[in-house]
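Reader: I should like to examine one part of this model closely. Please take me through the packing of its helices in a connected account.

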Amino acid sequence: MRSLLRSRDARLLLGGEAVSLFGDWALLIVLGIWAKSLTGSNAAAGLVFFVFAAGRLAAPLAGVLADRVRRRPLMVGADVFLAASVLLLLFVHDRSDAWLIYVVALLYAVGGSVFDSARAALLRLVFPEEQLPEANGLLQTITQGLRLVAPLAGAGLYALVGGGAVAVLDAATFAVSAVALSALRVHEAKPEREDHAFVDEVSAGARHILATPELKTMLVGGAVAMLVIGFAETFVFALIDAIGRPPSFLGVTSTMQGVGAIIGGLGAAAVMRRVGDVRLVGIGLAGFAVGDLLFLVPNLATVFVGFFVAGLAITLAVVAFMTALQTRTPLALQGRVSAAADVALTVPQTLSIALGAALSTVVPYQALIAAMAVVLGLAALYLARAAVVTPAASPAEAG
């Protein structure tokens, strides 16, 4: 990690990302709380996150944009757009203004999709290929670490001075990110305009994944896993009730998961070099299944261990998959490949959340846990059998 941060550009990129992520996690929780406070409706609060998820479906278009222009200026522009968008929340005063919360959630998702698609390519330019596993691991460590503190900070600031103050804070973090990105010295040639039909441009990312056996294997295994991972959003409350704790105890279990994720992010690069990216995704899903099975024992210590293992394991899988997308994809396709993978995983995860909520009304939570563990195990087995011994990067990156 020390060698990773010797580069000025690396420090600027990761530092700006850390500040921006703090604002993201602080505001997202507040949007739901604010909607609930204004309307008194749990459904209204949940709708915020549905709108956000729907906005992320614009990722394929964001990917095309990210591959048509220089990524760093695009990310700066996305930061400015997002800062302006969140400041719309300053006009929310009562229930009649609640619609603005949903507008901001939608704009937040769209702008974030553009930023994320461009960042996938910029990482390739800032970090040497051999440092990409550490860079992705550190990004996950930063992300998970901030998830432990930023939502609490956002909720606390909202309780003290209101949502407008949180919006201003988030806008300021986007400004910091924009300044950090503007200070980068990385050289980036202007992408060449492709002479293809628009539909072909949009679908190029998905076609590349399907044509690359390792990426296709990881995406299929990951999508299958996502079909059940959303069950956890429902059964976690029944699990907490089973160990005799109030719903607010979810914050404690989330902390244990976050600690595991931080450790996973720090160690992912070393493990990936030993086992390869495809196998590490499988190991991560298998570990998540083990952590999930521990929830069948309604004991506080076992539940804590389960959350820790789940957080560590899923982070290993995420880092391996992110690195594989970067190293097995030509630079000209980075944005669209990242966007295609995002949609391919987000859609089944969203469906699984809805399915888990429906099933929870007719089956005990233990059945959801068992089903989740079985499917995760099968996905891990598929990845283990399909894994091939290949270099971490393919010749495709030469483009």
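Reader: To begin with a single residue, is Thr-143 buried or exposed?

Author: In this predicted model, Thr-143 is buried, with a relative accessible area of 14%; the cut-off for a buried residue is under 20%. Thr-143 belongs to helix H6, which spans residues 132-161. Leaving aside residues up to four places away in sequence, Thr-143 touches Leu-21 and Trp-25.

Helix H1, residues 8-39, also packs against helix H7, residues 163-182, at an angle of about 160°, and their axes are 8 Å apart. Because angles over 145 degrees count as roughly antiparallel, H1 is roughly antiparallel to H7. The crossing of these two helices is left-handed. On the H1 side, the contact is made by Leu-12, Leu-13, Gly-16, Val-19, Ser-20, Phe-22, Gly-23, Asp-24, Ala-26, Leu-27, Val-30 and Trp-34. On the H7 side, the contributing residues include Gly-163, Gly-164, Val-166, Ala-167, Leu-169, Asp-170, Thr-173 and Phe-174. Sorted by class, the residues of this contact are 15 nonpolar, seven polar and two charged.

Burial may also be followed in helix H3, residues 59-68, where Ala-59, Ala-62, Gly-63, Val-64, Ala-66 and Asp-67 are buried. Among the elements that cover these buried residues of H3 are helix H4 (71-86), helix H5 (99-126), helix H8 (198-211) and helix H14 (334-359).

Notes. Residues numbered from 1 in each chain as written. Predicted model: local features only at pLDDT ≥ 70, side-chain atom pairs only at ≥ 80, totals over all residues. Heavy atoms only, no water. Buried < 20%, exposed > 50% of the residue type's maximum accessible area, 1.4 Å probe, protein only. Helix = DSSP H or I, 4+ residues; strand = E, 2+ residues; numbered from the N terminus. Contact = heavy atoms within 4.5 Å. Axes fitted to C-alpha atoms, helices over the stretch in contact; angles between N-to-C directions. Parallel < 35°, antiparallel > 145°, perpendicular 65-115°, else oblique. Left-handed = near helix turned anticlockwise from the far one by under 90°. Nonpolar A, V, L, I, M, F, W, Y, C, P; charged D, E, K, R; others polar.
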